[in-house]
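Please find below a short note for a colleague who is new to this structure. The points are numbered for ease of reference.

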Amino acid sequence: MKLFIAILCFGCALSGRAATESQWIQTLQASPASAVLVGGQMADSNAVVVTRAWNGAVCTSTVVNRGQTPVRLARVDLFDFNHGLPGSTPFYGEAFQMLAQNGGTLAAPEDWGSYSDRKHYLIEEPEGLRTVHGMMLLRPVGADQILLGFGSCRRFDGRISFDAKRLLISLDCEGLELAPGERWQLEEFFCEAGPKRETLLNDLGARIGKNHPRRTGFKTPPIGWCSWYCFGPQVTEADIRRNLDWIATNAPQLRYIQIDDGYQPWMGDWLETGKSFGGDIKPVLREIRERGFEPAIWVAPFIASPQSKLFHDHPDWFVMDAKGQPLRSDKVGFGGWRQGPWYALDGTNPHAQKFLEHLFRTMREKWGCTYFKLDANYWGALSHGHFHDPRATRIEAYRRGMEAILRGAGDAFILGCNQPMWPSLGLLDGTRSSNDIKRDWSAIRDIGRQNLLRGWENGRLWWNDPDCALLSPGRVINSSGQLVDGFDVNAKGLPLNEVIFHATTVHASGGAMFSSDDLPTLSPERVAMLRKLIPPTGRAASFADETLIVGRTPTGTGEFLYLFNWGDTPVERVVTLPHNVELTNYWTGESLGQHEREYRVPSLPPHTALLLQATRQPETSKVTILKSGHLSGR
């Protein structure tokens with residue numbers, strides 16, 4: 001309740017109105033909670049009753065049908081009020097699926113990330129309001145930050161919708177029927193205000209952890225090598241073996257050897273091998289295991305191509321449309337990036353659940369895979385579908401399908417990619433926190449931001465996967481010395497400062513570290529950089545706000561300092577130092593001397609990052625002055 005009072009206080013103060021605490025509480029209590037029927041009409045508040053109960057920053061709620069007839073609910077509105085904040089208030093908000101993020105200001109919101117919920121996946125927004133999912137962090141100028149978030153996602157998608165004046169916090173009920181006398185427990189809502197972004201996100205993470213305990217099988221982030229960014233779908237057994245030879249001699253810490261997309265003949269037919277690997281992938285996986293490494297594999301478990309044997313033989317296992325036919329995903333959103341349009345397995349169908357469990361048990365026990373990179377998980381929560389269980393939401397369908405996968409996969413590491421974010425809580429060991437990396441500056445910049453904005457999730461909800469470290473200079477050559485046709489053929493190579501920038505964002509993520517270069521071709525200098533990424537810190541850098549200018553990660557003897565210039569012109573960067581410290585350029589090993597109070601970089605060039613290792617020193621009045629223009633890695 002204190003947070004809502006604070007929100008209303010902000011609104012009153014910023015609008016110039018004087019208000020007493022009593023008025024704030026009255027306004028808060030008047031913020032309506034209601035149910036909206038399919039078709040858009042408000043439900044009779046005497047028949048369909050929404051209750052809310054606050055305990056500190058946590059609100060629990062229910063909806064009950066006290067009427068005599070069933071009703072179909074489109075959504076439950078927990079709170080709906082004029083927020084009173086200036087339209088210029090910056091914010092950050094999560095998306096329903098991993099490839100999107102939201103930022104900008106309340107009056108001028110922006111689609112961040114790679115593929116927006118509303119434009120690419122065509123996810124509806126209540127009443128045409130811009131909508132974020134799961135959480136929203138507001139930064140009123142000159143005031144405490146405000147965090148709004150959902151601490152659970154078991155059945156309903158929690159949404160925060162807004163414009164320059166209004167804030168609508170609702171749960172998507174997907175048109176389900178609420179019978180007379182029936183009561184639904186809704187998702188937990190969390191609200192808090194305070195001066196520090198990191199503290200607020202920590203508190204939200206703690207609430208999520210109580211509702212969705214984190215999987216505990218892996219105490220450190222995974223480390224490995226991935227075939228995708230050096231060989232794409234044309235990877236061969238010779239490519240794998242040549243890199244495995246190099247890893248065994250030069251970097252045995254790269255424990256997981258992951259074969260990515262391309263081995264299967266069609267999406268859905270995961271236990272078959274197409275033309276790759278001589279028609280049988282199992283000998284390659286067996287060799288990886290016999291040489292002391294862990295076989296890892298890419299699977300998109302919820303989708304199937306129309307040409308696949310799975311779809312041809314079992315169309316009744318899939319999400320249906322209103323006519324009882326398998327639902328083509330391109331009819332309700334994005335149809336898939338290859339071998340589409342995709343169809344989505346119905347996670348509530350017992351046959352589909354048995355298939356998923358059998359698939360992963362086979363890959364785990366017979367193929368020996370101990371790491372699964374799951375992709376296209378979003379399709380497991382496809383909207384506008386009809387499920388085998390007519391009372392299930394798409395959140396429940398996805399979670400039931402994932403539970404079947406976990407039963408089959410046993411003790412393997414489970415990574416989610418292109419996954420629905422909040423519906424995946426408690427189900428994954430790791431999640432990709434960005435789109436696919438590419439060897440060009442725009443991708444390095446945008447994907448770096450995606451990863452660092454989600455840094456608070458790393459080690460709290462799961463291990464973040466910032467995607468692979470790409471340290472080679474550019475174009476992709478296969479084991480025969482030929483340019484890989486159609487895969488990254490436009491890569492022109494990266495200057496050293498942009499490679500260092502990319503490596504610094506990977507280090508700052510604190511999460512998984514997978515290389516995806518053709519390792520035998522790396523220069524000694526790039527090999528040295530790769531070794532400095534091993535092992536990951538396990539803790540993401542914290543930032544004051546979403547500008548991501550200066551980040552910090554504590555260490556046993558001091559901290560790592562991350563200074564970024566995301567722009568196209570030189571900038572000054574200043575970092576405060578709570579102790580007298582010895583500063584070292586992490587990538588070059590160059591000592592920058594002892595400093596206290598602050599470290600100033602007068603002109604950090606464009607597209608450049610500086611990663612400093614600060615080691616605490618005995619207190620002294622001696623300070624080494626930074627020479628103007630003194631930079632590393634240039």
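1. In this predicted model, the largest nonpolar core comprises 177 residues. The members that touch the most other members are Leu73, Ile297, Phe372 and Trp379. Helix α9 (residues 394-409) gives the most to this core, contributing eight residues.

2. A second, separate core has 14 residues, among them Val550, Leu577, Leu592 and Tyr599.

3. Leucine 73 lies within strand β4 (residues 71-82). When its neighbours within four places in sequence are set aside, its contacts include Ala35, Val36, Leu37 and Val38, as well as Cys173, Glu174, Gly175 and Leu176. Val48, Val63, Leu178 and Trp184 are also in contact with leucine 73.

4. Strand β4 pairs with two strands described here. It runs antiparallel to strand β1 (residues 34-37), to which four bridges join it; valine 36 has arginine 75 of β4 as its bridge partner. Strand β12 (residues 166-178) is also antiparallel to β4, with 10 bridges between them, and leucine 176 of β12 stands opposite leucine 73.

5. Further along the chain, strand β26 (residues 550-554) pairs with strand β25 (residues 542-543) in the antiparallel sense over two bridges. Six residues separate the strands of this hairpin, in which leucine 548 takes a positive phi near 55°.

6. Strand β26 also pairs with strand β27 (residues 558-565), again antiparallel, over five bridges. Three residues lie between β26 and β27 in their hairpin. Arginine 552 stands opposite serine 542 and also opposite leucine 561 in β27.

Notes:
Residues numbered from 1 in each chain as written. Predicted model: local features only at pLDDT ≥ 70, side-chain atom pairs only at ≥ 80, totals over all residues. Heavy atoms only, no water. Pairing = 2+ DSSP bridges. Core = buried A, V, L, I, M, F, W, Y, C linked by side-chain atoms within 4.5 Å. Buried < 20%, exposed > 50% of the residue type's maximum accessible area, 1.4 Å probe, protein only. Contact = heavy atoms within 4.5 Å.
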